[in-house]
Amino acid sequence: MKNQSTQQTQRNKAVKTAYFKIVKAAKILMSTIERHELRCILIRKGQSGENTLNTTLHQLVNPIIYLSLECHDRKNYSIHFGVEQFKQECEYSIMTAKFVRILYRLTSIEQTTLNIEDCINTEYVITDCSSLYEAIEDSKLKNHALEVIPYKQTVNKRKLMKAVA
């Protein structure tokens, strides 16, 4: 029993480490978006000592990306995600595709010490992140903090600007 508990603790630690690597990579990805409102994110940190079976430990909500670290049954960590679905391909659909690739790459067995590939929760995937973002932003409950990611031009855009000038 004790060995199983230790394995669960190690697995949860690996899931949490992968999750925060994904958050960091997502922020870097979003920093290349020119539109200010698409670089705004709402961050929620779970409260310790909650007595519910399912707890959100951390959550990132953006108009095009959703990411959440959750604890189910007070023991199993999982990563829940979502991406905005666009009716036609655009620069933002390319961003969401990159985000999904990052998500699965950073939870792959090649990237982690333990096999946590099953930590991705696909029970339901958020496909309307912009509506979720607006609902949380307009909510009277203020569980989320607003964070604006600074804009950083990509290397290609910097080269283009120098060539034009």
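1. Ile 43 has Leu 60 as its bridge partner in β2. Strand β2 covers residues 55–61 and pairs with β1 in the antiparallel sense over four bridges; two strands pair if DSSP finds at least two bridges between them. Helices (H or I, at least four residues) and strands (E, at least two) are DSSP runs, numbered from the N terminus. Bear in mind that this is a predicted model: local features need pLDDT of at least 70, side-chain atom pairs count only at pLDDT 80 or more, and totals for chains, interfaces and linings use all residues. Residues are numbered from 1 along each chain as its sequence is written, and side-chain values use heavy atoms, with hydrogens and water left out.

2. β1 also pairs with β6 (residues 145–148), again antiparallel and over four bridges. Here Cys 40 sits opposite Val 148.

3. On to the packing. The largest nonpolar core (buried Ala, Val, Leu, Ile, Met, Phe, Trp, Tyr and Cys joined through side-chain atoms within 4.5 Å; buried is under 20% relative accessible area, 1.4 Å probe, protein chains only) has 32 residues. Leu 60 is among those with the most contacts inside it, as are Met 30, Leu 67, Ile 79 and Phe 99. α1 (2–30) is one of the elements giving two or more residues, and α1 gives the most, with ten.

4. Apart from that core lies another, of eight residues, including Cys 40 and Tyr 133.

5. α2 has 16 residues and reaches 23 Å from first C-alpha to last, close to the 22 Å expected at 1.5 Å a residue (1.5 Å times one less than the number of residues). Its buried residues include Phe 99, Leu 103 and Leu 106.

How values were computed:
Buried < 20%, exposed > 50% of the residue type's maximum accessible area, 1.4 Å probe, protein only.
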